[in-house]
Amino acid sequence: MKQTDQTLLEQMRITDFEIEYRKTLFNFSHSDADALIRFHSVAEARIEPLVTQFYELQTSVPEIALLIGDSDTLARLRAAQRKYILDLFSGVYDLAYVNNRLRIGLVHKRIGVEPKLYLAGIHTLKQLLNTLITDHIGDTPERLLTLQALEKLFMFDIALVFETYIRSLVAEIESSREKSEQYARGLEEKVRERTHQLEDVSRTDPLTGLLNTRQLSETLTKGLRQAERRGEPLAVAYIDVNDFKLINDQYGHQHGDEILRFVATTIRRILRTEDSSFRYGGDEFCIVLPNCTQEQAELIVTRRLYEEMIQREECVSLSVGCASTGPNEFCSPEALIRQADERMYVMKAACKQHSTETAAPSHTEK
Ligand SMILES: Nc1nc2c(ncn2[C@@H]2O[C@H](COP(=O)(O)OP(=O)(O)OP(=O)(O)O)[C@@H](O)[C@H]2O)c(=O)[nH]1
């Protein structure tokens, strides 16, 4: 249930029973209530000069004058004070009366009236009323009874006002604690996000978005361990762009970058979900293919890579070497990469030989 769905009385669990209990705590009896009623007509007759005198004293304190602020507020406060004084001498101190006192506490907290100023106000009012009682009732037991009854009622009221005041303070502290916790949670979330981003940055090659060399040795070591456990083969494909230096020299470094990104995208496109791709160096790439033999890797990588290249009509020539290990005996990650690299060089040599041969007639024609 929301706080705004409950009255102050409900929030503070104040019932008729609780009110009676509080009266006994302050020793406030029916005879006290009766004594106050008997003075009601005097209080009513003197209400205007009493309220005027009260606010003259109050506004003579600069801090209080500043809090009251303007004549409209002062008029409203005067009306409320008039009602309060008459309520004090009404003899009825029920739920409605208590609710008004609770509201006073809340309002004082809201507008920032410090307890010392509230208490000073009560003290002033009590002195004015005591003077009024003393002036109107002769030196009889009735005078003492009325003064004591008023004193008890003031204590009863102050307790109520302070309880709401304190409750409102506690709620404020709770709310700012919640805000701080929320802020801390937000910060934690940001740190987590930034950590993920930094991890991604440290794992990937910024140009192609593929994983970097550091990740290759980690992935390969883990992959080999898993392959050994499962009794499966594991393959590595080594890819190198042919004559990449020439591309850079002829079309510029930026175009060279585009070619590298294009090769990376093509590699990503042909891979299975379980494969991982890496940029190994300038124009060199590696693929780790779990549960794959050398022949299967050649089929997956070499053939599909060429098919893709032809489809995209991109004039890039690649050399690919595949090697696998397992499922019975496993070599080291370094040895596996070396084998794939060597096979790639065999292919590159063949490509170079082929291009020399195809270029030869034109040379001879010269
Ligand atoms: N555009 C671009 N070029 C790069 C990058 N990293 C390395 N390179 C260049 O890539 C070229 C690689 O040249 P080489 O290792 O001689 O290879 P190649 O020209 O492909 O020759 P082969 O491997 O024998 O076919 C060098 O000129 C490097 O400067 C990069 O991030 N962007």
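Axes are lines fitted to C-alpha atoms, for helices over the stretch in contact, and angles run from 0 to 180 degrees between N-to-C directions. Helices (H or I, at least four residues) and strands (E, at least two) are DSSP runs, numbered from the N terminus. The model is predicted: local features need pLDDT of at least 70 and side-chain atom pairs count only at pLDDT 80 or more, whereas totals for chains, interfaces and linings use all residues. Residues are numbered from 1 along each chain as its sequence is written.

**View 1. Packing of helix 8 against helix 10.** Helix 8 (residues 95-110) packs on helix 10 with axes 7 Å apart and an angle of about 45°. Helix 8 is therefore oblique to helix 10 (angles under 35 degrees count as roughly parallel, over 145 as roughly antiparallel, 65 to 115 as roughly perpendicular and the rest as oblique). The crossing is right-handed, that is, the near helix is turned clockwise from the far one by less than a right angle. Among the residues in contact (C-beta atoms, placed from the backbone, within 7 Å) are Val98, Leu102, Ile104 and Leu106 of helix 8 and Leu160, Val161, Phe162 and Leu169 of helix 10. By class, this contact has nine nonpolar, four polar and four charged residues; Ala, Val, Leu, Ile, Met, Phe, Trp, Tyr, Cys and Pro count as nonpolar, Asp, Glu, Lys and Arg as charged, and the others, Gly among them, as polar.

**View 2. Packing of helix 9 against helix 10.** The axes of helix 9 (residues 115-136) and helix 10 (residues 141-203) come within 11 Å and cross at roughly 165°. The two helices are therefore roughly antiparallel to each other. Helix 9 contributes residues including Tyr118, Ile122, Leu129 and Ile133, and helix 10 residues including Leu147, Leu150, Phe154 and Ile158. The contact comprises 11 nonpolar, three polar and two charged residues. Helix 9 passes helix 10 in a right-handed crossing.

**View 3. The open sheet and helix 11.** Four strands, in the order 2-3-1-4, form an open sheet with antiparallel pairing (two strands pair if DSSP finds at least two bridges between them). Strand 2 and strand 4 (318-325) are the edges, each pairing on one side only. From one strand to the next, the twist averages 15°. Helix 11 (residues 213-230) lies across strand 1 (234-241), strand 2 and strand 3, and runs at about 20° to strand 3.

**View 4. The hairpin of strands 2 and 3.** Strand 2 (residues 276-279) pairs with strand 3 (residues 284-290) in the antiparallel sense over four bridges. Four residues form the hairpin connection from strand 2 to strand 3. Ser277 has Ile287 of strand 3 as its bridge partner, and Phe278 stands opposite Cys286 in strand 3.

**View 5. Backbone geometry in two loops.** Most residues other than glycine have a negative phi, and most peptide bonds are trans. Arg13, although not a glycine, has a positive phi of about 55°; Arg13 is placed in the loop between helix 1 (8-11) and helix 2 (16-25). The peptide bond from Gly326 to Pro327 is cis, with omega near 5°. Pro327 lies in the loop between strand 4 and helix 15 (333-365).

**View 6. Model confidence.** The chain averages a pLDDT of 90, and 95% of the residues score at least 70; pLDDT is the predictor's confidence in each residue, from 0 to 100. Over residues 360-366 the pLDDT is below 50, and beyond near neighbours in sequence this stretch has zero contacts in the model. The model scores are ipTM 0.96 and pTM 0.57.

Key. Contact = placed C-beta atoms within 7 Å.
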